Amino acid sequence: MLAQFTFVGLLFLVAALLGILPPALAWLLRPKKPHPRKSEPYECGFYPHGEAWVQYKAQYYIFALAFLIFDVEAVFLFPWALIYNWLPLYAVIEGVLFLLLLLGALLYAWRKGALEWA
Amino acid sequence: MTLTLSHVLFFLFALMVLGGAIAVVTVRNLFHAALWLMLVFFGMAGLYVLLEAPFFAAAQLFIYMGAIGILIIFAIMLTRAFMRQPMPRANEQWWLAALLAAVLLGVIVFLTLRVGLGEVVNARPVPEHTIQILGVTLVDPEGYALAFEVASVLLVMALIGAVTIVRER
């Protein structure tokens, strides 16, 4: 089993290197002439103002929560979907009931305008 | 006992979990604490892989590191007071947290000693197709069919509750 995860481990390694290598190379190769203007965040020609630590809109939270709920749904459905072809009818109906309940919740949230970006 | 790759990986992930957990409770910036918590979740996923539970590992990554990590970060960024200045490390409830942690540690040590460390190490081999077996037991009426449907109801309740709270603001 662990051998099958070698590729996952390699993928993590390559992904980490892709993130680390370019800044590391740039740090090695760049000429070092610091200037306060150079360390400002790049804002497409605008001067940045205010703090970076700003308060976010509450709507981000409900979107993250909706994502969490359907993420959990996907995790529950995955083992069921994997053996779908071998399932008796009542087991399929159980899964469909699971889905319909959550579809109802999604329609409720939609109807209440929770998915609108206000 | 020879040192195999799984031992090295176990110590790596255990270090990730323990170090990350210490960082979560000691860093003063709550936002950074949330990022450390995500490292703890990642280390837990690695431990699940070593325990040959790939489904739990994937669920850990998707739900805890992906969704709950982001949810915690959004919750922190919603509250202006926390973002302003670093918070003190301990609040008035530290003794309650310490008590609960000590009780949990006691339970784990008690159970481990009762089962016996040798039993834990020489556990039965993991059957193949664990996810398929999980799928069968999830929809089996004599297994967890009721819990499976109740989980759906629980998720519906969470979504409706969240919508209600946001609407009332």
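This report describes chain B of a predicted model, with emphasis on helix 2 and on the contact with chain A.

**Overall architecture**

Chain B contains eight helices and zero strands, and its pattern along the sequence reads α-α-α-α-α-α-α-α. Of the 169 residues in chain B, 15% are buried. Where contacts in chain B link residues at least 6 apart in sequence, 51% of them join residues at least 24 apart. The domain assignment divides chain B into domain 1 (5–89) and domain 2 (127–169); the C-alpha centres of these two domains are 24 Å apart.

**Helix 2 and its packing**

Helix 2 of chain B consists of 21 residues and spans 31 Å from its first C-alpha to its last, close to the 30 Å expected at 1.5 Å a residue. Its buried residues are A34(B), L37(B), V40(B), F41(B), G43(B), M44(B), A45(B), G46(B) and V49(B). They pack against helix 1 (5–26) and helix 3 of chain B. An α-helix has 3.6 residues a turn, so residues three or four places apart point the same way. Just after helix 2 of chain B, E52(B) adopts a positive phi of about 60°.

The axes of helix 2 (residues 30–50) and helix 3 (residues 54–78) of chain B come within 8 Å and cross at roughly 175°. Because angles over 145 degrees count as roughly antiparallel, helix 2 of chain B is roughly antiparallel to helix 3 of chain B. On the side of helix 2, the contact includes L30(B), F31(B), L37(B), M38(B), F41(B), F42(B) and Y48(B). Helix 3 of chain B contributes, among others, P54(B), F56(B), L61(B), Y64(B), M65(B), I72(B), I73(B) and I76(B). The residues of this contact comprise 20 nonpolar, two polar and no charged.

**Contact with chain A**

The contact between the chains takes 40 residues from chain B and 39 residues from chain A. On the side of chain B, the elements giving two or more residues are helix 3, helix 4 (80–84), helix 7 (130–139) and helix 8 (145–168). Helix 8 of chain B supplies the largest share of that side, 15 residues.

The table sets out the residue classes for the two contacts described above.

| Contact | Nonpolar | Polar | Charged |
|---|---|---|---|
| Helix 2 of chain B with helix 3 of chain B | 20 residues | two residues | no residues |
| Side of chain B that touches chain A | 30 residues | five residues | five residues |

Charged residues are thus absent from the contact of helix 2 with helix 3 of chain B, whereas five occur on the side of chain B that touches chain A.

Technical notes
Residues are numbered from 1 along each chain as its sequence is written. Chains are lettered from A and ligands numbered from 1 in the order in which they are written. This is a predicted model: local features need pLDDT of at least 70, side-chain atom pairs count only at pLDDT 80 or more; totals for chains, interfaces and linings use all residues. Axes are lines fitted to C-alpha atoms, for helices over the stretch in contact, and angles run from 0 to 180 degrees between N-to-C directions. Helices (H or I, at least four residues) and strands (E, at least two) are DSSP runs, numbered from the N terminus. Angles under 35 degrees count as roughly parallel, over 145 as roughly antiparallel, 65 to 115 as roughly perpendicular and the rest as oblique. Two residues are in contact if their C-beta atoms, placed from the backbone, lie within 7 Å. Ala, Val, Leu, Ile, Met, Phe, Trp, Tyr, Cys and Pro count as nonpolar, Asp, Glu, Lys and Arg as charged, and the others, Gly among them, as polar. The expected span of a helix is 1.5 Å times one less than its number of residues. A residue is buried if 20 or more other C-beta atoms lie within 10 Å of its own, exposed if 12 or fewer, and partly exposed in between; C-beta atoms are placed from the backbone. Domain bounds come from an automatic or database domain assignment.
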